Amino acid sequence: MQQEGTAMSEVIDSALHENRVFEPPAGEAGRIPSLDAYHVLRKRFNDDFDGTWRDLAREHLEWREPFTRVLNREHAPFFRWFEDGKLNLSENCLDRHVRAGFGERTAIIWEGETGVVRKYSYSALLADVCRAANAMRELGVAAGDRVVIYMPMIPEAAIAMLACTRIGAVHSVVFGAFSPQALRDRVEDAGARLVITADGGWRRGGIHAMKPNVDLALAEGCHRVGHVLVVAHAGNDVERTAGRDIDWQQALNMQPAECAPLAVEAEQPLFILYTSGSTGKPKGILHSTAGYLLWSRLTMQWSFDFKPERDVFWCTADVGWITGHTYSVYGPLCCGGTTVMYEGVPTWPDPGRLWKICADHGVTVFYTAPTAIRALIKAGDQWPEQHDLSALRILGTVGEPINPEAWMWYHRVIGKERCPIVDTWWQTETGGHMIAPLPFATPTKPGSATLPLPGIDAAVVDGDGKPVSEGGGLLVIRQPWPSMLRGIWGDEQRYLDTYWKKFSNRYYFAGDGARIDKDGYCWIMGRVDDVLNVSGHRLGTMEIESALASHPAVAEAAVVGRPDDIKGEAICAFVVLKSVDEDGLAELLRKHVAREIGAIAKPDDIRIANSLPKTRSGKIMRRLLRDIAAGREITQDISTLEDQSVIAQLQGR
C-alpha cells in the first residue's frame with residue numbers, strides 16, 4: 001500500500017473508492033503489533049483451527065472443569081463450542097480480578113445526566129452482584145430461568161446482568177425506551193419469571209417513566225412473571241403491586257455479600273437479545289456463555305489494544321443493545337479494566353457533553369456510532385475544542401458504515417491526527433467484532449472496516465457463493481466462530497431460514513452487501529435490502545449517502561428506495577443541512593452525486609429536514625423512511641424515536 005501523510009490530498013474517485021491511506025501511529029506496539037504478526041496468527045488458525053481456539057480459550061478464561069472438545073460440528077449449523085467444560089461468567093469478570101489483587105481497581109465509572117458520578121471498585125461491584133444474585137434466588141429464580149431487564153443506563157443494569165450470570169439465569173435486556181407493547185412481546189416470548197426495572201430514567205433534563213410501562217406490559221399476559229424488582233433512581237412515585245413489586249435496594253440490603261458462583265456448561269444460554277426494528281414476532285438472538293465471553297475478551301485486546309492497567313474505556317452504547325452488552329459490560333470487565341457508563345444523550349445540556357466526560361474521566365479508548373459523530377459535526381468544532389482530549393489514544397466506530405467525511409472529522413478534530421480509528425463491522429448475531437483494523441498494525445482507509453480479525457473467515461461472494469477477489473457481492477462467514485449466535489429463541493427453523501438457507505447451510509449469510517478493493521479491504525455497503533436496483537443497476541445506499549455527506553452543506557443523509565414504474569426503484573434522499581436551506585440546493589446536491597458516482601445515482605427526490613428519524617440509541621429507522629418515501633401509512637411502532645415530530649416534517653405536513 002502507498003503510505004500517505006496527514007497532509008495528503010483528500011481525493012475520492014468517481015466510484016467513492018478511497019485513495020487516502022493512513023499508516024498506524026509509530027512508536028506504540030499493540031497486542032498484535034504488526035501486519036506480519038496479524039498474518040502469522042491468521043496462518044496459525046488456517047493450519048490448526050481447533051487447536052488455536054483451544055489454546056486461546058485455555059489462556060484467557062478461567063475454567064472450573066476444563067473442556068476436552070473444542071468444536072462440535074455434528075449438528076451444523078447448530079455448532080457447539082467447548083461443550084464439556086464448565087465455568088462461570090461473573091467469576092471471570094469479577095472474582096478472578098479480586099483474587100489477583102485488583103479489588104480496589106475501578107471497574108465502573110458511572111455519570112448521570114444530572115452530573116452525579118458513582119464509581120465501583122471490583123470488590124464493591126462483586127459484593128453488589130452477590131447480593132442481587134441472592135435476592136433473585138430468594139425470589140425463586142433458578143439456572144435456566146429468564147429474567148427481563150428493562151432499565152436506564154445505570155450501574156444497576158450491569159449488576160443485574162452479572163447477577164443473572166452468577167446463578168445461571170438467562171437475561172434479556174430490553175432497551176429502556178421500548179413501548180409497553182414491545183416490552184410485553186419480549187417478556188412473553190422469553191417466558192420471563194422476573195422483570196427488573198427502575199422508577200424512571202433521565203433524558204434531556206427530564207424524566208421518562210419506566211415502571212408504569214412495566215405495569216402496562218404485565219396487565220395482559222406475561223403470566224409467568226412472579227415478581228418485579230424496582231430500582232429507585234429518578235425519584236418518581238410509582239404504584240406498587242402488593243406481593244409482586246419489590247424495592248431493589250431493600251432486597252439487596254437483606255442479602256449477604258457472598259454468593260458462590262454456579263459453574264455452568266460452556267453452552268449454557270447466557271442471554272437473549274431481541275433485534276431492534278423487527279416486525280411481527282420478536283426475533284430473540286440467543287448467545288451462550290464460554291464462546292461469547294472468550295470473543296468479548298479477545299476483541300477488547302485485539303481491536304482496542306485494551307490494557308487494564310492504563311486504559312479507561314468508554315463505549316457510548318446502551319446496554320439494551322449488543323454493543324452495550326459486549327463492550328460496555330462483559331468485554332472490559334473480563335479484561336479487568338475500567339468501563340464508563342453514561343445515562344443521557346450526547347447533546348445535553350450542550351453538544352460538548354461527550355467530550356467533557358472524556359476529559360473528566362481520562363478516557364483513553366472511545367467507541368461510538370457514526371450517527372452521533374455526524375450530529376456532533378453539525379454542532380461545530382468549538383465544542384470538542386473546549387475540552388482536553390489528550391488522554392485519547394484509540395477511537396472506534398460501530399453500528400453502521402461511517403462515511404469518509406465523518407471519518408476524517410473524527411480523525412482530525414477528535415483524534416488530532418494521532419489516534420487510530422477502529423471502524424468495526426459486526427452484528428447482534430456475531431457477538432463481537434468480525435472485521436476491524438488492528439489499531440497499531442493495520443493501515444486504514446476512511447470508511448473501510450479493513451480486514452477480518454484472526455480466526456474469522458469472512459468473504460465477499462457472488463450469488464452462487466463463489467468468492468469475489470475484487471468488487472461487490474454478499475458478505476458471508478465461512479467458518480464458525482465461538483461467539484456466534486446459537487439460534488433464535490424458540491424458533492430453530494427461522495434461524496436456518498434467516499442465516500443459512502441462502503447458501504444451503506454452507507455459509508453464514510450476514511444480510512449485508514460489501515465490496516473488496518484491490519488491497520483486500522472490505523467496504524460494507526449496508527443491508528442487502530438497502531442495495532437499490534435502479535434500472536437494472538445495483539447501487540449501495542451507503543455510497544450515495546457518502547456522496548451527499550461529502551458536500552460541504554450536508555451534515556447527514558439517509559437514502560432509501562421507493563417503488564417506481566419505470567426504474568423499478570427510485571432513489572429518495574433525506575438530508576440534514578449544517579445551516580439553513582438555500583434555494584436550489586436540492587438540485588445542486590443531485591448534480592454533486594452525479595459527479596461523485598454517476599448520473600444513474602442521482603436522487604429522484606431530496607427531502608430536507610431538521611433531523612432524521614432515529615431511535616434513542618441513535619440508529620436511523622430506515623424502514624420508516626422507506627414507508628415515508630413510498631407514501632405508505634405509518635403502522636410500525638415509533639415509541640423508540642428520539643423526536644416523533646420529524647415524521648410530519650419528512651412527510652411534508
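# Group meeting: salt bridges and backbone oddities in a predicted model

Okay, let me start with a network. Glu 28, Asp 305, Lys 307, Arg 310, Asp 311 and Arg 393 are linked together by salt bridges. Bear in mind throughout that this is a predicted model.

Let me zoom in on one pair from that group. Glu 28 and Arg 310 form a salt bridge, with 3.3 Å between the closest N and O atoms. In sequence these two are 282 residues apart: Glu 28 sits in the segment before α1 (35-47), while Arg 310 is in the loop between α9 (289-304) and β16 (312-315). And are they buried or exposed? Glu 28 comes out partly exposed, because its relative accessibility is 26%, and Arg 310 is also partly exposed, at 43%.

In total, the structure holds 39 salt bridges, and I picked two others to show you.

Next up is Arg 193 with Asp 145, where the closest N and O atoms are again 3.3 Å apart. Arg 193 is in the loop between α6 (180-190) and β8 (194-198), and Asp 145 is in the loop between α4 (122-138) and β6 (146-150), so this bridge ties together parts that are 48 residues apart in sequence. The two ends fall into separate classes here: Arg 193 is partly exposed at 33% relative accessibility, whereas Asp 145 counts as buried at 12%.

Then there's Asp 517 and Lys 445, a salt bridge with its closest N and O atoms at 2.7 Å. Asp 517 belongs to the loop between β24 (508-516) and β25 (522-527), Lys 445 to the loop between β20 (421-423) and β21 (458-461), and 72 residues separate them along the chain. For this pair, Asp 517 is buried, with 11% relative accessibility, and Lys 445 is buried too, at 4%. The cut-off for buried is under 20%, which is why both make it.

Right, let's zoom out to the overall fold. The protein chain has 19 helices and 30 strands. Its radius of gyration is 24 Å, close to the 26 Å that the globule rule gives for 653 residues, so the chain is as compact as a globular protein of that length. If you want box dimensions, the C-alpha trace spans about 70 × 60 × 50 Å along its principal axes.

What share of the 653 residues is buried? That would be 62%. On the contact side, take the pairs at least 6 apart in sequence: 70% of those contacts join residues at least 24 apart. The accessible surface comes to about 23900 Å², and carbon and sulfur atoms account for 47% of it. For the electrostatics people, we have 71 positive and 84 negative charges, and their mean positions are 2 Å apart.

Now two residues I'd like you to click on. Trp 409 lies in helix α14, which covers residues 404-414, and Trp 409 is buried, with a relative accessibility of 5%. Which residues does Trp 409 touch, leaving out those up to four places away in sequence? The list is Trp 355, Ile 373, Leu 376, Ile 377, Asp 381, Pro 384 and Ile 414. Leu 376 is 33 residues from Trp 409 along the chain, with 10.0 Å between their C-alpha atoms.

The other one is Val 40, in helix α1. Val 40 is exposed, at 58% relative accessible area. Its C-alpha atom is 53 Å from that of Ser 645, a residue 605 places away along the chain.

Last topic, the backbone. Most residues other than glycine have a negative phi, and most peptide bonds are trans. So here are some exceptions to look at.

Let's do the cis bonds. Ala 76 and Pro 77 are joined by a cis peptide bond, with omega at about 10 degrees, and Pro 77 is in the loop between β1 (71-72) and β2 (80-81). Trp 348 and Pro 349 are also joined by a cis bond, with omega about 0 degrees. Pro 349 is in the loop between β17 (338-342) and α11 (353-361).

And the positive phis. Phe 82 isn't a glycine, yet its phi is about 50 degrees. Phe 82 is in the loop between β2 and β3 (86-87), and it counts as buried, at 0% relative accessibility. Asn 505 has a positive phi as well, near 70 degrees. You'll find Asn 505 in the loop between α15 (492-499) and β24, partly exposed with a relative accessible area of 40%.

That's my tour, thanks.

Notes. Residues are numbered from 1 along each chain as its sequence is written. This is a predicted model: local features need pLDDT of at least 70, side-chain atom pairs count only at pLDDT 80 or more; totals for chains, interfaces and linings use all residues. Side-chain values use heavy atoms; hydrogens and water are left out. Helices (H or I, at least four residues) and strands (E, at least two) are DSSP runs, numbered from the N terminus. The radius of gyration is taken over C-alpha atoms; the globule rule is 2.2 Å times the number of residues to the power 0.38. Buried means under 20% relative accessible area, exposed over 50%, partly exposed in between (1.4 Å probe, protein chains only). Contact means heavy atoms within 4.5 Å. Accessible areas come from the Shrake-Rupley method with a 1.4 Å probe; for residues, only the protein chains shown count as cover. Lys and Arg count as positive and Asp and Glu as negative; His and the chain ends are not counted. The place of a charge is taken as NZ of Lys, CZ of Arg, CG of Asp or CD of Glu. A salt bridge is a side-chain nitrogen of Lys or Arg within 4 Å of a carboxyl oxygen of Asp or Glu.
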